[in-house]
Amino acid sequence: VRANPAADVAANNLAMLLAAREDAASLDRARDLAARFADSRNPAFLDTYGWVLFRRGETAQALPVLERAVALAPD
């Protein structure tokens with residue numbers, strides 16, 4: 001991500017790794033990385049964004065994002 005900040009796959013993967021942690025700084029960084037996916041049509045990116053929101057305790061915001069991810073990839 002440092003070498004190529006525009007790399008969505010790297011940002012997605014790093015956000016997921018950070019979201020697995022418990023500390024606020026990691027969850028804040030995960031949110032900052034995943035926020036770029038808020039309007040994505042990629043279900044994997046939406047899933048990451050929704051999961052990060054959920055892990056931060058923002059369940060009301062996470063639910064519609066995760067529902068969009070499922071709608072884009074129902075299988």
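The protein chain has an accessible surface of about 4,600 Å², and 55% of that surface belongs to carbon and sulfur atoms. The model is predicted. Its secondary structure amounts to four helices and zero strands, in the order α-α-α-α along the sequence.

**Overall dimensions and packing**

- The radius of gyration of the protein chain is 12 Å, which agrees with the value near 11 Å for a compact globule of 75 residues.
- Along the principal axes, the C-alpha atoms of the protein chain fill a box of roughly 30 × 25 × 20 Å.
- Of the 75 residues in the protein chain, 29% are buried.
- Among contacts in the protein chain with a separation of 6 or more, 48% are between residues 24 or more positions apart.

**Charge**

- The protein chain carries 9 positive and 10 negative charges, and the mean positions of these two sets are 6 Å apart.

**Serine 26, in helix α2**

- Helix α2 covers residues 24-34 and includes serine 26.
- Serine 26 counts as buried because its relative accessibility is 5%, and the cut-off for buried is under 20%.
- A polar contact of 3.4 Å links the side chain of serine 26 to the side chain of arginine 21.
- When neighbours within four places in sequence are left aside, serine 26 is in contact with Leu18 and Arg21.
- Arginine 21 therefore appears both in the contact list of serine 26 and as its side-chain polar partner, while serine 26 itself is buried at 5% relative accessibility.

**Alanine 69, in helix α4**

- Helix α4 covers residues 59-72 and includes alanine 69.
- With a relative accessibility of 6%, alanine 69 also falls in the buried class, for which the limit is under 20%.
- Alanine 69 and alanine 44 are 25 residues apart in sequence, and their C-alpha atoms are 7.1 Å apart in space.
- Outside its neighbours within four places in sequence, alanine 69 is in contact with Pro43, Leu46 and Asp47.

Technical notes. Residues numbered from 1 in each chain as written. Predicted model: local features only at pLDDT ≥ 70, side-chain atom pairs only at ≥ 80, totals over all residues. Heavy atoms only, no water. Helix = DSSP H or I, 4+ residues; strand = E, 2+ residues; numbered from the N terminus. Rg over C-alpha atoms; globule rule 2.2 N^0.38 Å. Buried < 20%, exposed > 50% of the residue type's maximum accessible area, 1.4 Å probe, protein only. Contact = heavy atoms within 4.5 Å. Areas by Shrake-Rupley, 256 points an atom, 1.4 Å probe, with all protein chains shown as cover. Lys, Arg positive; Asp, Glu negative; His and termini not counted. Charge placed at Lys NZ, Arg CZ, Asp CG, Glu CD. Polar contact = N/O pair within 3.5 Å; in protein donor to acceptor, adjacent residues only side chain to side chain.
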